[in-house]
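The exercises below ask for a careful reading of helix packing, core composition and local environment. Each task is followed by a solution that goes step by step.

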Amino acid sequence: MVEILRLIGSYRARRAIHGSPFLDELFRRLARCARADAEATEERIWDVWMHHPHRAAARVLDLATRDLAARRYDIAETRLTLLLRSVPDFAEAWHKRAVLYYLLGRDEECLHDLRRTLELEPRHFGAMLHFVEILRAVHAADDARFALRTARSIHPHLSIPDSAA
């Protein structure tokens, strides 16, 4: 957990492995937009994260995301694991598998994949929020507050409550 906290704390000093001027502009917009515009900007960021230059990789991620939503966890895990073997620098695939492991209560594997997500995309507020939930579950309130504050410095309009953090 210490390594993930270090990654979160150093996000400003690190660059995303597949960053782009377009994504940078979306994050700048997200940080300064009104609440009414935040949802649309956030959606555009998620769209960029879900994209991959190899269409097949993006398609597999989309299928795995649908499997997660339909609670077909075994299929989602297989798809994501195979995807990550072929494109290990796909941050959102790591994040989706972390979500899967979180849902399954496989915290160590979840933490591993959250760490990898944040190594590849330092501004991944979704990964930070999942980490906040894990910290809250283990009663690490100070660390949870730190991670949540950092996530909110990236996305000021996050809808996760402060309570218990």
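**Exercise 1. Describe how α6 and α8 pack against each other.**

Solution. α6 passes α8 in a left-handed crossing, where left-handed means that the near helix is turned anticlockwise from the far one by less than a right angle, and right-handed that it is turned clockwise. The helices are DSSP runs (H or I, at least four residues), numbered from the N terminus. This is a predicted model, in which local features need pLDDT of at least 70 and side-chain atom pairs count only at pLDDT 80 or more, while totals for chains, interfaces and linings use all residues. Residues are numbered from 1 along each chain as its sequence is written, and side-chain values use heavy atoms, with hydrogens and water left out.

Next, take the geometry: the axes (lines fitted to C-alpha atoms over the stretch in contact, with angles from 0 to 180 degrees between N-to-C directions) come within 10 Å and cross at roughly 20°. That makes α6 roughly parallel to α8, a label given to angles under 35 degrees.

Finally, list the contacts (heavy atoms within 4.5 Å): His-95, Val-99 and Tyr-102 in α6 meet Gly-126, Ala-127, His-130, Glu-133 and Ile-134 in α8.

**Exercise 2. Carry out the same analysis for α1 and α9.**

Solution. The two helices pack at an angle of about 30°, with axes 10 Å apart, and are therefore roughly parallel to each other. Their crossing is left-handed. From α1, Leu-5, Ile-8 and Gly-9 take part, and from α9, Asp-143, Phe-146, Ala-147 and Thr-150.

**Exercise 3. Which residues touch the most other members of the largest nonpolar core, and which helix gives the largest share?**

Solution. A nonpolar core is a set of buried Ala, Val, Leu, Ile, Met, Phe, Trp, Tyr and Cys residues joined through side-chain atoms within 4.5 Å, and buried means under 20% relative accessible area, with a 1.4 Å probe and protein chains only. Among the 39 residues of the largest core, Ile-45, Leu-114, Phe-125 and Phe-131 touch the most other members. The largest share, 8 residues, comes from α8. Beyond its neighbours within four places in sequence, Leu-114 is in contact with Ile-4, His-95, Ala-98, Ala-127, His-130, Phe-131 and Ile-134.

**Exercise 4. Is Ala-58 buried or exposed, and what is it in contact with?**

Solution. Ala-58 lies in helix α4 (residues 55-69) and, at 18% relative accessibility, counts as buried. Leaving aside neighbours within four places in sequence, Ala-58 is in contact with Met-50, His-52 and Phe-90.

Terms used: Buried < 20%, exposed > 50% of the residue type's maximum accessible area, 1.4 Å probe, protein only. Parallel < 35°, antiparallel > 145°, perpendicular 65-115°, else oblique.
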